[in-house]
Amino acid sequence: MKNGELEKSDLLQGTLDLLVLKTLALGPMHGYGIAQRIEQISEAVLQVNQGSLYPALLRLEQRGWIASAWGASDNNRRAKFYSLTRLGRRQLAAETEKWERLSAAIGRLLRAVPG
Amino acid sequence: MNWHRSWAARTRGLLRRGKREREMNEEVGFHLEMQAREFERRGMSAKEALQAARRRFGGVEQVKEEYRRQGSVPWLESFGKDLGFGLRMLRKSPLVTAVALVSLALGLGASGAIFNVLDSLLFAKLPVPHPDQLVVLKIRRPEEPQPRVFYPAFRMWQGDSGVFSGVIAFSRSSSMLVRSLGAASTPRPASTGDELGEWVDGVLVSGSYFPVLGVHALLGRTLTADDDRVAGGHPVAMISHAYWQRRFAGDPAVLGRTLEVNGQLFAVVGVTPPGFFGAEVGEAPALFVPTAMQTQVHYVGNSDIEDGADATKPWTEQPHIGWLVAMARLRPGVSARQAAAAATVTYHQFAAANVDPKHPEILKKVPAVRIQVEPGAQGVSRLRDRDVALPLVTLMGAAVLLLLIACANTANLLLARASARRKEIAVRLSQGAGRARLVRQLLTESLLLAVIAGACGLLLARWGSGLLLRIASGRATGWPIDLSLGWHKLAFLTVACLATALLFGLAPALQATRLDLVSALKVAAGSTHGGGPRTRLPLGKLLVIAEVGLSLVLLVGAGLFVRTLQNLGGVDPGFQRSDLLLVRIHTQLMRLDPPRLHEMERRIQERMAALPGVRSASLSLHSPVSGSQHASGVEVPGYTPRPGEDMSVSEISVTPGYFKTLGIPFRDGRDFASRDSADAPHVTIVNEAMARKYFRGRDAVGQRFGYDTEKPREFEIVGVVRDARFYDLREAAPPMMFMPAAQSGESLRDVELRTARGMAASLVPQARQALREVEPTLAIGSVGTMEQQLERSLTQDRAVARLTAFFGAVALLLASIGLYGVISYGVARRRSEIGLRLALGAARGQVLGLVLRETLQLATVGVALGLLGALAATRLAASQLYGLTATDPLTVGAAIVVMAAVASLAGYMPARRAAEVDPLTALRSD
């Protein structure tokens, strides 16, 4: 049971975590807003699986990378706002670097000409 | 990484589950609303938009579940879920739950209460520093009674400083009449019933007592070695915390106050701490006075007075009066064996120096004497005597039996319920739930049941142990032993609870989850009882057989004890028990010389006999069944004792008219008369047992014999009276002799009044009043009828009989529930078979017989096994029975008949239901 879950979410999880952290680096935001912003910025290339967004938020919070507080939304509704913690900022930097190394490597690999 | 942080958060999440759940719902709701609004903006209708938002979000419930799972500790949460589920299941079948809970709580509570008392009595250590260093020193003589310790011997052991870091000696006294002088501020308690003072228990203690035990004074100082040097020279006392509170309202000014104790003035120097009751467990002394004051407080109780002693001189100077309990503190590293060797050598030196040269035969025996060193961490206690502890052990056995029956019964009920849930379990198994997970859930339910029952049991145990103590002690206050629930008592209850849960829960859980899925699922939805009869019935039947068997053991035991009580209540004590009033007086405190004492006793007798409603009156050293016994050795001319033969004869000093008042008939000779005065030749009246043993075949009247080692005298027998049970209703009278008080010179302590029919109890005030008129300064003790005294002597037997009878009744009820359940189940399962039989022409009576026969088969096997168990178990209780043997056919037969009757009744109801089966419906339902 446990194994299955891990396999299913391993890749997604890392990516989604990075996107959430990056989005929150721009400022505190509620869950819906995070999903919207990821889609806007990626010009709808990345569609957030909303179902896995909230468990991810909880996980990040449990790890202490983000914090949450209740506040009022733009239309004056009660909403839970997430913000990046100091620990999260450090984590974002580390993850970003890792991601860039990884994507550069993949990029090089894909550009390589057979010969 | 960060696992601790995330676990802390999860645990917090678990604790705040309600809040988390609300917030999660709100957050998801907000998300859906925003998304729907967005879709609406793009032109959807409100309804479409909301549906689209939900689709976009994915499975809302799955997400929530995932969110929940992550936010908490999975197994703890599933345990919580199991608990909730278990509670719902318990609520769903309230009758089953109630029967299980009540029976388990009774079993747990009863065994808990008894364990509590036993534990406090047998295992609790004295509340002093390093109790494990304490030992008890006992004198062991081969083939002779073991005397209490002589004061000079105790002094010599104090010199054994190589093995002992300290030695103490003490002796309890139950008759100390205390008057507080110059204490106008504190009102006298109303309960004493006597203007002359209050009777309290006290202890005479050596000066080393408090320092060696390591007990410090709560107030003032403790007694020390300097308070115990010169006989009669240390009028100082400590009082107990309880007495200080009760009598002096906790007033610190009690220090330096003067108390009159049995006529001697004592200065209070200190108060003992609250939890300290002395080294004798089960006693609650109010006073501690130095052993040096023995003569001054008229201590005479519990002593072994040997040849060459003079009991009128201070006992601290007497090498031949054993009256003390000796305890010591071992030096670290010294073994009990080393200490015993050293103490024995010292004792031999002591004996060699002290034995009267006139008795060389005693000196010859000295080398065989050994000093025994026994563990003393728990102090000493007469409550640990076999006859006090044994009834408690018996009751413990009965309570454990009851608990086992309750377990078997609960297991059966759970089994029945589990089989009703076969389909549910099969569905869950087929959906991939692990068997272990299901067993865990079923066990959680059992545990829940056991814990609730245990909590009820705990309350019952707390309440019951106090009650038990009062019953067992026969006193309103019980024994002052510490009954607080310490950790090992709670541990006992916890372990009992868990063991019970496993015992009744595991088998049904394993059985219920061992399913053939296909057949279980195939069963028609309407049927509550799924197939696989072979998997369910044997265990259920086995449990019922066990229940019947165990119940029979309890029934037989209860029957034996109830009949013992009946026999004891109906035993002819040899005197007329009704219409007899007893008054305890304390003439010894008046310090009269023998002629004036005798004169006062004569006046009391005359005045009492003249009371209206009184037929005759007498005085004696003690009345029958009062718990007192005085005995000494006799020398009878022409009677050669076997080696080591017990030549002791119990003696009582009485006034003329004693036998008439008690209703003991003369077999031969005459009563004492006024001519048997102090200067007349010594005369005695003996009982038949004495006449039989020492004057077999001869006419006892007119015979002479020598008696008393203290003041050897020759007695002439002037009368023989019928045997009467003076000491123990269970035992035939020992050889006894009576002597005229005028000749023995003893202070008499009991007044007996033979009253007109039914007047004994109503004459109490008149008797008191008359005594006061005769002698205003005479201290009066307890007043009561002989019937009350006899009742009191049967307190323990009554407690055992009542409690085992109660346990037996509960066991019977549980066994019948078990039988009923199993038979009903069988009938329901075989409905179609029964219907078929009926359709094929079987008579209804035949069906009834079929089911009844099955019931009785089960009961018979149970009874047979139970009989074997009863034979083994009741043998252990044989010594507590009276007037019947442990295999008494009548009792065993009655138990079997009762069991069979109850079994038939339990089987009859389902049998009738079987006989009333309508063949058509029964056949159609399959």
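This is a short chat about chain B and the interface of chain B and chain A in a predicted model.

Q: Hi! What should I know about the model and the numbering?
A: Happy to help: the model is predicted, local features need pLDDT of at least 70, side-chain atom pairs count only at pLDDT 80 or more, and totals for chains, interfaces and linings use all residues. Residues are numbered from 1 along each chain as its sequence is written, chains are lettered from A and ligands numbered from 1 in the order in which they are written, and side-chain values use heavy atoms, with hydrogens and water left out.

Q: Cool. How many residues of chain B are in contact with chain A?
A: There are 24 from chain B, in contact with 28 residues of chain A; contact means heavy atoms within 4.5 Å.

Q: And how many salt bridges across the interface?
A: The rule finds 4, taking a side-chain nitrogen of Lys or Arg within 4 Å of a carboxyl oxygen of Asp or Glu. A salt bridge joins the side chains of K80(A) and E23(B), at 4.0 Å from N to O.

Q: Which element gives the largest share of the side of chain B that touches chain A?
A: That's α2(B), with 10 residues; helices are DSSP runs (H or I, at least four residues), and strands are E runs of at least two, numbered from the N terminus.

Q: Switching topic, how many helices and strands does chain B have?
A: Chain B has 28 helices and 23 strands.

Q: What percentage of chain B is buried?
A: Buried residues are 51% of its 926 residues, where buried means under 20% relative accessible area (1.4 Å probe, protein chains only).

Key. Buried means under 20% relative accessible area, exposed over 50%, partly exposed in between (1.4 Å probe, protein chains only).
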